[in-house]
Amino acid sequence: MASPLLHFSKLKDELLVHPIMTSLGSLALSTFISYSVYGVIDWRPVTICVASDIVTIGLDHYNDQASSLECAKQTANNNVLNLFSRAKMLLIVSAVLLLAALSLCPPATWAITACFVTPALLWDTTLFYWRTPVRRNREKKNDDAKRGFVIKRIPGMKAIFIGIIRGCGTYAVVRSILSNSTSIGGTGSSGPWSPHEIVIWSTINRACHAVMADVRDFDEDWKLQVPTIPVLMKSVFRTQALLTTIHLTTMFYFISNVYIVFASVYSIALVWALNEKSRRGLYRFSFHSQTITAILYGSVEAYKNLHWAM
């Protein structure tokens, strides 16, 4: 189904702003994991995570707006055509950087990256069709179309999928590069973080934000009956209650980690501050809850280092 034609500012957000803003989250998380676990900041895992984000999300949005590109060509709309050109250049540069970083990484990194990037690229693609019995009425064709297997259409899959990629995937990429690196002189930063804390918290945090994004799109998804968690629960309020329960459980499980407690309280506040009527841009505060936590952690560590240096 072709996406409706969007206003220029909205189109710019879809093609450029959103992919870049999302990649900043991966920039913060991969940098944070590198430093908190391994005590260094290596450009390779950071570049892989950031570039992968831009390629997967940017390409998905670029293809979604194919109708806008075709319309711009027919009407000679140079502003829109230039916007698509910039979006294409962003994709090309990101792909080149991704390959450049991978070329300096072990084979395990290639395999891990492929495992997490490939499903994202096939997110809205019909992978195959279920066999259906022969029907004699004219509705057979439409019935067959509904039986195509698309990852996006698996009930509740989006949140789980995003959580695993951004939580487990980011850590797996960093670990595959830094765990055996001879350039690492230490065992990591002396802080409250352990690998299992980072993986569990990151996975849950990213999954919960994916549900928040579905809360944002609730009205549209309800009309199209996209099987997101808010649609399946038939209520934004029930979804907010579920997210609050998950964040509280995470907070009490990691109660000794002040940063996870902070991130959980922050996320709970946004769960109730935002709903399907809120402006889309406000949801970036939810997505960047990990970014804010990483910045807070980095600031505290920098202060500690400065204090000891004095």
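In the predicted model, C105 counts as buried, at 10% relative accessibility. C115, by contrast, has a relative accessible area of 55% and is exposed. The two cysteines fall into these classes because the cut-offs are under 20% for buried and over 50% for exposed. The count of disulfides comes to zero.

Confidence in the prediction was examined next. The mean pLDDT of the protein is 85, and 87% of the residues score at least 70. Helix α11, residues 236-253, has the highest confidence, at 96, whereas helix α6, residues 140-146, has the lowest, at a mean of 47. Residues 138-145 have a pLDDT below 50; beyond near neighbours in sequence, this stretch makes seven contacts in the model. A pLDDT below 50 is also found over residues 182-187, where six contacts are present beyond near neighbours in sequence.

The interior was then searched for enclosed space. Three cavities of 30 Å³ or more were counted. The largest cavity has a volume of about 70 Å³, and the second largest has a volume of about 50 Å³.

The lining of the largest cavity consists of N205, C208, H209, M212, H247, S267, L270, V271, S286 and S289. Two elements, α8 (195-216) and α12 (258-273), each give two or more residues to this lining. The most is given by α8, with four residues. By class, the lining of the largest cavity holds six polar and four nonpolar residues, and no charged ones.

The second largest cavity is lined by G25, S26, L29, R166, T170, R206, F287, Q290 and T291. Here the elements that give two or more residues are α1 (8-38), α7 (157-178) and α14 (289-309). Among the contributors to this lining, α1 gives the most, with three residues. Five of the lining residues of the second largest cavity are polar, two are nonpolar and two are charged. Charged residues are thus present in the lining of the second largest cavity, while the lining of the largest cavity has none. The charged residues of the second lining are R166 and R206, because Arg is classed as charged.

Terms used: Residues numbered from 1 in each chain as written. Predicted model: local features only at pLDDT ≥ 70, side-chain atom pairs only at ≥ 80, totals over all residues. Heavy atoms only, no water. 1 Å grid on protein atoms, 1.4 Å probe; cavity = no way out; pocket = protein on both sides within 12 Å on 5 of 7 lines; lining within 4 Å. Points joined across faces, edges and corners; volume = space filled by probe spheres on them. Disulfide = S-S within 2.5 Å. Buried < 20%, exposed > 50% of the residue type's maximum accessible area, 1.4 Å probe, protein only. pLDDT = per-residue confidence, 0-100. Contact = heavy atoms within 4.5 Å.
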